[in-house]
Amino acid sequence: MNAVELIKKKRDGKAFSTDEISFLINHYTTGHIPDYQFSALLMAILLKGMTVSETAALTNSMLISGKIINLSSLKGNKVDKHSTGGVGDKTSLIIAPIVASAGIYVPMISGRGLGHTGGTLDKLESIPGFRTDLSLSESKKVLKKCGSVLIGQTKEIAPADKLIYSLRDVTATVESIPLITASIMSKKLAEGIDGLVLDIKTGSGAFMKSQKDSIRLTNSLIQTAKSFNKKVIAFITDMNQPLGNYIGNWLEVYESIRVLNGKIKNDLYALAIKLAGAMIYLGKKAKSLQEGECIAKQKIESGEAFKKFLEIVNLQGGNVNYIINPEKYPRSRFVKKVHSVKNGFIYEMNTYQIGMVSLELGAGRRTKDDVIDHKAGIILYKKIGDDVKNGDIICELRSDSNSKITLAEQMIIESLKFSKTKPSIPKLIKKVIK
Ligand code: URA
């Protein structure tokens, strides 16, 4: 086998054998295939695609490039959720404690924000002291003690993905369904889970803008999960407006606390209940999705989910005083309320642009090395379908930089479109696929 012949094979639209895929991944990760050849290979995969069995073989080669966490000593089911990410998507912070308090292990490996989307790790790190860099043995201890642990991808987890993802990022090969599938699934399978709930976002703030592409990705992820004998349920959900009303790292922790405390029951609450319900069902603590949702609601009503969140924060080194008294958290130097200059119903929110406003305020990263301001972000007072009068407050912007606020105000006004008649509100759950 040699790299040139294999690049030619994919260029000509032929399928690789399992051994060929294993050769390519092993030789790339050990430095025997250079970046320029692997880039050509990635482009050929993007253009010609991969079969279901090639995608599964690619996933497996990337998975075994690192460690698979062995959780067999923990008795009980282990279930996780993966979201393709969006703006204001903080469901992991709510779901992990709900599901753990229902007696299911939730080992969660999450990512950081980049560009217009936020990342669970950055949100958690806005809690002073919270450590997302636990070693695998520390993580296992936390998981055993409280039923959930929320960490970042360690060097030991799917190192091939880390290398390949960096190359895809600079070779315009991110948008390939088999490459995305193998990247996501290699990391999720390394967690040692029995089941996985997928939240595939679709719309202006999503990675996949069209529902057609979201369904293609979902089917690919489901087929791959099933080929590893994992139970899986996927939800295709709306990202044509931000999820919830708070965007920005600490602001999103704050909104999650309010949901966990039973204080708000908005779209964020509704989606968290759906996803947590599905995880409880996959974890065999409910006989149906509906029963799973009822249990998830009870865990919030009883206060058990909030108590579990405090336990997780405490075990991962976070200062629980800020979770108990979130109003004590430091505020941004500048807070600006944005008023509407129009009358009408909001019918469109450019969610990508709203994510970029949050980044502009200091809450996000343009490049992987940017430092983020945990306090910065947006509080939305209005969403799609709301009747807005001239002068009404649309949102609040928070930043330590006044010049950033001025630019952000202009951007947020431009991201909204108004109509004279009440528009239909985008359906939150577009499709459920098992
Ligand atoms: N998220 C991942 O982890 N990998 C991809 O390729 C895309 C999104």
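**Exercise 1.** Determine how many residues of domain 2 and of domain 3 are in contact in this predicted model.

*Solution.* Begin with the bounds: the domain assignment places domain 2 at 79–156 + 189–324 and domain 3 at 331–419. Next, apply the contact criterion, heavy atoms within 4.5 Å. By this criterion, 25 residues of domain 2 touch 26 residues of domain 3.

**Exercise 2.** State how far apart the C-alpha centres of domain 2 and domain 3 lie, and what area is buried between these domains.

*Solution.* The C-alpha centres of the two domains are separated by 25 Å. The area buried between domain 2 and domain 3 is about 2,000 Å². Carbon and sulfur atoms contribute 57% of that area.

**Exercise 3.** Show that Lys383 and Asp267 form a salt bridge, and describe the polar pairing across the interface of domain 2 and domain 3.

*Solution.* The criterion requires a side-chain nitrogen of Lys or Arg within 4 Å of a carboxyl oxygen of Asp or Glu. For Lys383 and Asp267 the N to O distance is 2.7 Å, and their side chains meet in a salt bridge. Across the interface as a whole, the rule finds two salt bridges. It also finds 16 residue pairs in polar contact there.

**Exercise 4.** Identify the elements that each supply at least two residues of the side of domain 2 that touches domain 3, and classify the residues of that side.

*Solution.* The elements are helix H6 (120–125), strand S6 (246–247) and helix H11 (249–260). H11 gives the largest share, three residues. By class, this side of domain 2 holds nine nonpolar, 12 polar and four charged residues.

Technical notes
Residues numbered from 1 in each chain as written. Predicted model: local features only at pLDDT ≥ 70, side-chain atom pairs only at ≥ 80, totals over all residues. Heavy atoms only, no water. Domains from an automatic or database assignment. Buried area = accessible area lost by both parts, 1.4 Å probe. Polar contact = N/O pair within 3.5 Å; in protein donor to acceptor, adjacent residues only side chain to side chain. Helix = DSSP H or I, 4+ residues; strand = E, 2+ residues; numbered from the N terminus. Nonpolar A, V, L, I, M, F, W, Y, C, P; charged D, E, K, R; others polar.
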